[in-house]
Amino acid sequence: MLASMREIINRDVVIDGDIVNKELLLKEDGADSKIKKLYITNVPENALAFTLDHQPGGNSNRWFKQLSPYVDVGNDQGVNKGCDLIILWQEGEQPYALVFDLKSDKPKPEATKKQLNNSELFLNYLLAMVNLHYGIATDTIQIKKVIATTDDRAVRKGATYRPNATATHIADYHIEVITPKAYQTGYISLAQLARGAANG
């Protein structure tokens, strides 16, 4: 399945990982971003990561301003909202997908839910193409939705960076808090992001 997805995904939106260090670097360019570089650690070698928030040339690039050119770019109901990152990987025979977004401020539950669900819909469309054109079953994939925020008020006290802590869910997604380090960098493992994430 991962090989087929690599053939389908536009190379411009793929985020290459550091295979040696098993890290993935997500960059945030927003003026209000408290984390400019987020390192996702312990990423399997077979992982495929890509963004749904790719805008080369800024807002002037109309093709990447929307998830599909067949959807009205001016629609204000959220149909063009996409998340920062999707990671696909496999453990044994079990495939997984992480639909992920990084928020600096306290997330708005309904808006965040719509953004993640819209990204999941687009991912399911890509998976349907894998099934149709490559004859590979994709119905066993576990899709997990999660956001990370720098605002620890978004979750219960003590719910972050504690392996045995109860996962915090808002709507049908999971929240993790990341504390910015020096030079506006952050670190979190893929296992931690996926540990309590709600299955789509």
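This note walks through the predicted model above, point by point.

1. **Ground rules.** The model is predicted, so local features need pLDDT of at least 70 and side-chain atom pairs count only at pLDDT 80 or more, while totals for chains, interfaces and linings use all residues. Residues are numbered from 1 along each chain as its sequence is written, and side-chain values use heavy atoms, with hydrogens and water left out.

2. **The overall layout.** The protein chain has three helices and 10 strands. Here helices (H or I, at least four residues) and strands (E, at least two) are DSSP runs, numbered from the N terminus. Reading from the N terminus, the order of elements is α-β-β-β-β-β-α-β-β-β-β-α-β.

3. **Inside and outside.** Of the 200 residues in the protein chain, 47% are buried. Buried means under 20% relative accessible area, exposed means over 50%, and partly exposed lies in between (1.4 Å probe, protein chains only). Contacts tell you about the fold too: among those in the protein chain with a separation of 6 or more, 69% join residues 24 or more positions apart. A contact means heavy atoms within 4.5 Å.

4. **A three-stranded sheet.** Try finding the open sheet with the order β1-β2-β9, whose pairing is mixed. Two strands pair if DSSP finds at least two bridges between them. The edge strands, β1 (24-27) and β9 (185-189), each pair on one side only. From one strand to the next, the twist averages 20°; for such angles, axes are lines fitted to C-alpha atoms (for helices, over the stretch in contact), and the angles run from 0 to 180 degrees between N-to-C directions.

5. **The middle strand, β2.** How many residues of β2 are buried? Four of its five residues are, leaving β2 mostly covered. β1 and β2 run antiparallel and are joined by four bridges, with Leu25 partnered by Tyr39 in β2. On the other pairing, β2 (residues 37-41) and β9 are parallel over five bridges. You can check this one at two places: Leu38 has Gly186 in β9 as its bridge partner, and Ile40 has Ile188.

6. **Strands β3, β4 and β5.** Strand β4 (residues 85-91) is mostly covered, with five of its seven residues buried. Strand β3 (residues 48-50) pairs with β4 in the antiparallel sense over three bridges, and Leu48 has Leu88 in β4 as its bridge partner. β4 also runs antiparallel to strand β5 (residues 94-103), joined by seven bridges; Glu91 is partnered there by Gln94. The hairpin of β4 and β5 has two residues between the strands, and in it Gly92 takes a positive phi near 65°.

7. **An enclosed strand.** Why is strand β8 (residues 173-177) described as largely enclosed by the rest of the structure? Five of its five residues are buried, so the description follows. In a regular strand the side chains alternate between the two faces of the sheet. In β8 both faces are covered: Tyr173, Ile175 and Val177 are buried on one side, and His174 and Glu176 on the other. Strand β6 (residues 142-149) runs parallel to β8, joined by four bridges, and Ile147 stands opposite Ile175 in β8.

8. **Two loop residues to look at.** Asn42 has a phi near 55°, a positive value in a residue other than glycine. Asn42 sits in the loop between β2 and β3 and counts as exposed because its relative accessibility is 53%. Gln184 also has a positive phi near 55°, but lies in the loop between β8 and β9. With a relative accessible area of 34%, Gln184 is partly exposed.

9. **A glutamine in the last helix.** Gln192 belongs to helix α3 (residues 190-195). Is Gln192 buried or exposed? Gln192 counts as buried because its relative accessibility is 12%. Gln192 and Glu176 are 16 residues apart in sequence, and their C-alpha atoms are 8.3 Å apart in space.

10. **A pocket to finish.** The second largest pocket has a volume of about 290 Å³. Of the 19 residues that line this pocket, Arg6, Ile15, Asp16, Gly17 and Ala47 are the closest to its centre. On a 1 Å grid over the protein atoms alone, a pocket is an open set of points where a 1.4 Å probe fits, with protein on both sides within 12 Å along at least five of seven lines; lining residues have an atom within 4 Å of a point. Grid points are joined across faces, edges and corners, and the volume is the space filled by probe spheres set on the points.
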